[in-house]
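Trainee: I'm new to this one. Could you take me through its salt bridges slowly, and what surrounds them?

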Amino acid sequence: MASVTPADRPPLGLRERKKIKTRRAIRAATYALIEEQGYDATTIEQIADRAEVSPSTVFRYFPTKEDIVVTDAWDPVIPAELRARPRDESWADVLRHVMRTALDVSLAVEPEVTRLRSRLGVEVPAVRARMTESMAATGRLLREALAERSGLDPDSLELRVFAMSVMGGLMEVSHYWAETGHQDDVRDLVDRALDVLEHGLATGKP
């Protein structure tokens, strides 16, 4: 089965396009303000003013300021990409392909924002806590998609452990990438993390 691409998806209606435009404006305003004055100094009122919407509109799209930073447009797309991969492909190769595809787009479309999000996850406790909470929701989406491929019960202990191990590994990749000054290619770091999950931890002994 071919990978799902934007061209394969049905065109969005006017209402949905307006929602996407508003969401993007809010996110862009938030990141610009954070770059200018820092996370703590940035208020919802300032974000609304910069995005040319009302504060209530901001809250309608994002319940908290942390959600603006944490919410990733790729979260719901990744499970769809997982489902589109060939059935005989190994889970490790599936995840490598899907994550590399998502990161290719993120780094091409908004490289500075991608780096800033990872840095805020390290530097701002509230953002880091929200990322941890969000990880559980994304993990559920992941295990549902993996359950369809494996035939396992999505609520089984094995699939829960596996999905959350993947999510935890990806979060640590993000933190490591930020803590090391974004020196490495994050896609290579994801490959390294998946290698650990696939093959186990090397002992470092000859």
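Mentor: Here is a walk through the charged pairs, followed by the helices around some of them.

This is a predicted model, where local features need pLDDT of at least 70, side-chain atom pairs count only at pLDDT 80 or more, and totals for chains, interfaces and linings use all residues. Residues are numbered from 1 along each chain as its sequence is written, and side-chain values use heavy atoms, with hydrogens and water left out.

A salt bridge here is a side-chain nitrogen of Lys or Arg within 4 Å of a carboxyl oxygen of Asp or Glu. Searching the whole structure turns up 19 salt bridges. Side chains of opposite charge can pair when their charged atoms come close.

Let's start with E16 and K19, whose side chains meet in a salt bridge at 3.7 Å, N to O. The two sit 3 residues apart in helix 1 (residues 14-37), so about one helical turn separates them. Helices, by the way, are DSSP runs of H or I with at least four residues, numbered from the N terminus. An α-helix has 3.6 residues a turn, so residues three or four places apart point the same way. As for exposure, buried means under 20% relative accessible area, exposed means over 50%, and partly exposed is in between (1.4 Å probe, protein chains only). E16 comes out partly exposed at 36% relative accessible area, and K19 is also partly exposed, at 32%.

Next, look at R85 and E89: they form a salt bridge, with the closest N and O atoms 2.9 Å apart. R85 counts as buried, at 14% relative accessibility. Then there's R187 with D185, another salt bridge, where the closest N and O atoms are 2.9 Å apart. D185 is partly exposed, having a relative accessible area of 29%.

Now for a linked group: D93, R96, D195 and E198 form a network of salt bridges. To picture the setting, find helix 6 (residues 91-109) and helix 10 (residues 186-199), which pack at an angle of about 160 degrees with their axes 10 Å apart. Axes are lines fitted to C-alpha atoms, for helices over the stretch in contact, and angles run from 0 to 180 degrees between N-to-C directions. Helix 6 and helix 10 are therefore roughly antiparallel to each other, a label for angles over 145 degrees (under 35 is roughly parallel, 65 to 115 roughly perpendicular, and the rest oblique).
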